Amino acid sequence: MIAVENLTKRYGAATVVNDVSMLIESNSITVIVGTSGSGKSTLLRMINRLIEPSAGQVLIEGKDTRAEPAHLLRRRIGYVIQGNGLFPHRTVAENIATVPRLLRWSSARVAARVDELLRVFQLDPGAYAQAFPHQLSGGQQQRVGVARALAAEPAVLLMDEPFGALDPIIRAKAQEDLLDIQRRFGTTIVLVTHDMDEAFLLGDRVAVMSQGRVLQYDRPTALLTRPTDPFVSRMTGLADRAMRLLSLTTAGEVAAPGGSSGPQVPAAASLRDALSEILWSGADSALVVDADGTPRGHLTLAAILAHGRPA
Amino acid sequence: MRIASALRFIALALLVAFLLVPQKFAPVFAPLTQFGAPAIYDQGNLLSLALAHLGTVCVAAAASTVVAVGLGVLVTRPAGREFLPLSRTLVNIGQTFPPVAVLAVTVPLIGFGEKPTLIALFAYGLLPIFENTIVGLQTTPPAVLEAASGMGMSARQRLLSVELPLAMPLILEGIRLSLVINVGTATIGSTVAAKGMGEVIIAGLLSNNTAFVLQGGLVTALMAVLLYEGMVAFERRVCRTVQSE
């Protein structure tokens, strides 16, 4: 649990982050979303003290982050930024080994961890461990950046627009990978983005920021169905909010017993994708199947539509 | 490329041969002498003069490097930023103040010999190293710096393991410029009795012996060219491990 308490940052007369308090649950993904200049990056950087707050405090597992020198704190918190910031003069393996080396792990332990992470991130150690960052593609560099941040097994991972520089196809893959990583390591992730789709896709909870304040901090469904501020509705988009709502539920959650002659959709697909499949095929229901192809039940148009409006 | 290496080899071979057995080259320089004057400098050992010359340059460059890099690091730290204009002024004075004038000022204070020459060369060689160090340190990509701090490097660790390695190609280039400039400049040290190739040139000027002047000048020039090439080769080796792109 990360407790952000009355956090404020002022630069002269300008207040960039204004009295923000929020509880970030462990083992979850929290997304801070806002327009540029909303203070979202400043808020994130106050968690690992790259920026020192003007007022307020941050507690991680009940412990004040100011209880130890900032650079020691940061070795326990993973950090990923847009453009990765990989060290150009160090190999991929050396980049990933940065924090374990700072923590003086034995070289055998460092090597084993680097090898493990390269495999987790689908980078063949034989081909990539000794490569330099400039020899990798953008997507590979991004993965190395995340691997480096996770190297010392931090409980908390901070990410500042980590996918901003990637093209749409690689970004979608990177987002899927992040969800897998979160499930695998149980890391508490705080991610900053200006992309509402990304926030809805990744966030267990989403904080909408504007002008230094958190306007609403809630589950994605609640942001859509019960926005507390007109700005939140504008950010989430009024025109396609029903479709967004559908994208937050999977076909497997709604499937009811029964068969269907309509198209097959995977249980993990969102209702939005299932609806699209049904419309495209001209049927009025779909067959929901598990990953191994066994039917789980059917999904009717009516059932889908019922999930596209506030309860 | 092959022609360039061949030329470098020929230059090195000529220089070494001339310094080891100068008398063999007497027929080449004889036409430049008058009234039966010696064709080859005979008032001292050319090899030891050349080595003393190089030694003076290298000692001065080492001192310039330590001071200029140290100063460059200092004025790019948050605490030292306000000293940047002052340091730049001091270093610029070192470059604009003529080395001859430095000799004129220092000789009355510390006497004749190597020391005034070392001081003059030291001051003259600061600027290229200082400016290159600053550019190298200031052009580190901001994302790399932020990542280094975000990973938990202390300011010192960040400087030693990220900033200086990335600035190294530029710093080495500054040292190379400084060395090459000072190989030529060091000849004036002979006016205050420092050992070096300037001694040969001055002896030639005093006795109206063009052969001496030419010998001193050629040996100095060859040393400068070879030092330049040697440094370029060294920089390539270092930069292969310090990939900057």
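These questions and answers go through some features of a predicted model.

Me: How many helices and how many strands does chain B have?
Reply: Read along the sequence, chain B runs α-α-α-α-α-α-α-α-α-α. The totals for chain B are ten helices and zero strands.

Me: What does the C-alpha trace of chain B span along its principal axes?
Reply: Chain B has 245 residues, of which 39% count as buried. Along its principal axes, the C-alpha trace of chain B spans about 75 × 50 × 20 Å.

Me: Among contacts in chain B between residues at least 6 apart in sequence, what percentage join residues at least 24 apart?
Reply: One pair of residues far along the chain from one another is B:Ser5 and B:Glu229, 224 residues apart in sequence and 9.8 Å apart in space, C-alpha to C-alpha. A contact is counted when C-beta atoms lie within 7 Å. Among the contacts in chain B between residues at least 6 apart in sequence, the share that joins residues at least 24 apart is 74%.

Me: Is B:Ser5 buried or exposed?
Reply: B:Ser5 sits in helix α1 (residues 2–20) of chain B. A residue counts as exposed if 12 or fewer other C-beta atoms lie within 10 Å of its own. B:Ser5 has 10 C-beta neighbours inside 10 Å, so B:Ser5 counts as exposed.

Me: Is B:Arg77 buried or exposed?
Reply: B:Arg77 lies in the loop between α3 (46–75) and α4 (84–96) of chain B. The C-alpha atoms of B:Arg77 and B:Leu137 are separated by 9.7 Å, with their positions 60 residues apart along the chain. The cut-off for an exposed residue is 12 or fewer other C-beta atoms within 10 Å. Because B:Arg77 has 12 other C-beta atoms within 10 Å, B:Arg77 is exposed.

Me: How are α5(B) and α6(B) oriented to each other?
Reply: Helix α5 (residues 99–110) and helix α6 (residues 114–138) of chain B pack with their axes 9 Å apart, at an angle of about 140 degrees. Angles over 145 degrees count as roughly antiparallel, and 65 to 115 as roughly perpendicular. The angle of about 140 degrees falls in neither class, so α5(B) and α6(B) are oblique.

Me: How do the residues of the contact of α5(B) with α6(B) divide into nonpolar, polar and charged?
Reply: α5(B) passes α6(B) in a right-handed crossing. Residues making the contact include B:Val102, B:Leu103 and B:Thr106 of α5(B) and B:Lys115, B:Ile119 and B:Tyr124 of α6(B). The residues of this contact divide into eleven nonpolar, one polar and one charged.

Me: Which helix gives the most to the side of chain B that touches chain A?
Reply: In the model, 17 residues of chain B are in contact with 19 residues of chain A. On the chain B side, α7 (142–151) and α8 (155–185) each supply at least two residues. That side divides into nine nonpolar, six polar and two charged residues. With seven residues, the helix that gives the most is α7(B).

Me: Which residue just after α9(B) takes a positive phi?
Reply: Helix α9 (residues 198–206) of chain B has buried residues, among them B:Val200, B:Ile201 and B:Gly204. Just after α9(B), a positive phi of about 55 degrees is taken by B:Asn208.

Me: Which residue just after α8(A) takes a positive phi?
Reply: Helix α8 (residues 168–185) of chain A has 18 residues and reaches 26 Å from its first C-alpha to its last, close to the 26 Å expected. Just after α8(A), a positive phi of about 65 degrees belongs to A:Gly186.

Definitions and conventions. Residues numbered from 1 in each chain as written. Chains lettered and ligands numbered in written order. Predicted model: local features only at pLDDT ≥ 70, side-chain atom pairs only at ≥ 80, totals over all residues. Helix = DSSP H or I, 4+ residues; strand = E, 2+ residues; numbered from the N terminus. Expected span 1.5 Å × (residues − 1). Buried ≥ 20, exposed ≤ 12 C-beta atoms within 10 Å, placed from the backbone. Contact = placed C-beta atoms within 7 Å. Nonpolar A, V, L, I, M, F, W, Y, C, P; charged D, E, K, R; others polar. Axes fitted to C-alpha atoms, helices over the stretch in contact; angles between N-to-C directions. Parallel < 35°, antiparallel > 145°, perpendicular 65-115°, else oblique. Left-handed = near helix turned anticlockwise from the far one by under 90°.
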